[in-house]
Amino acid sequence: MHMVHIGNDWDTLLEKEFQKDYYLSLREFLKKEYFSTAVYPPMQDIFNALKYTSFRDTKVVILGQDPYHGPGQAHGLCFSVKEGVKFPPSLQNIFKELESEYGFTPPKSGELTAWAKQGVLLLNTTLTVRQGCPQSHKGQGWETLTDAIISRLNEKEEPVVYLLWGANAWSKKSLIKNPRHLILECAHPSPLSAYRGFFGCGHFKKANDYLQSHGLPPVDWRL
């Protein structure tokens, strides 16, 4: 595994994190995992959320839990799957909510790269997972890194909207102290909880209203 190269301002902002003991031991753990078993996403896709959405461009953060754990699904952006891959249930529910807010018909592809390129950071709290074993890489150090990412974003001058869906995402709320940012919370879009407040949350519209009220361009949520 190479030392991390993201290719934008995150390299400088996270340089010290990648030299810390917790990250070096996470790296050793990942080396063993990738060489001994099936792990997702592919190694080159682990940091796609940061590669597609620079610190400077980030205006919305959607926090996921850990990557999809089925073959060919995860590619480094939370909730997103590559073109041609069947939509997982949480993603289907995200598209249902978008349809109810905006009237968009669900897209053909579940790849959310177009959002990432508009400044939507699609970050999981844990960035890797073993095949078929959700949360199998929890507690190995990723959470410390994603805490550092959110703490850096908290310092941004421009407003950022955080969409926190479900308990895993809510646990990061204490890191967002800056009053210029907006925190929107609701249930997770998974079928187990979507009817407990995700459907009808209005988050996509509320995020755009907030951005526009601060002179920032809204996100085009159509895919």
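The following questions and answers concern helix packing and burial in a predicted model.

In this predicted model, local features need pLDDT of at least 70 and side-chain atom pairs count only at pLDDT 80 or more, while totals for chains, interfaces and linings use all residues. Residues are numbered from 1 along each chain as its sequence is written, and side-chain values use heavy atoms, with hydrogens and water left out.

Visitor: How are helix 2 and helix 6 oriented to each other?
Guide: Helix 2 (residues 21-36) and helix 6 (residues 142-154), both DSSP runs (H or I, at least four residues; strands are E, at least two), pack with their axes 9 Å apart at an angle of about 130°. Angles under 35 degrees count as roughly parallel, over 145 as roughly antiparallel, 65 to 115 as roughly perpendicular and the rest as oblique. Helix 2 and helix 6 are therefore oblique.

Visitor: Which residues of helix 6 does helix 2 meet?
Guide: Contact means heavy atoms within 4.5 Å. From helix 2, the residues taking part are Y22, Y23, L26 and L30, and their partners in helix 6 are W142, T144 and L145.

Visitor: How far apart in space are E143 and K172, C-alpha to C-alpha?
Guide: E143 has its place in helix 6, and K172 is among the residues that E143 touches. The two are 29 residues apart in sequence, whereas in space their C-alpha separation is 9.6 Å.

Visitor: Which residues of helix 8 are exposed on the side away from its buried residues?
Guide: Buried means under 20% relative accessible area and exposed over 50%, with partly exposed in between (1.4 Å probe, protein chains only). In helix 8 (residues 203-213), the buried residues are H203, F204, A207, N208, Y210 and L211. Seen down the axis of helix 8, these fall within an arc of 160°, taken from the directions from the axis to the C-beta atoms, so they line one face of the helix. On the other side, the exposed residues are D209 and S213.

Definitions and conventions:
Axes are lines fitted to C-alpha atoms, for helices over the stretch in contact, and angles run from 0 to 180 degrees between N-to-C directions. Lists of a residue's contacts leave out its neighbours within four places in sequence.
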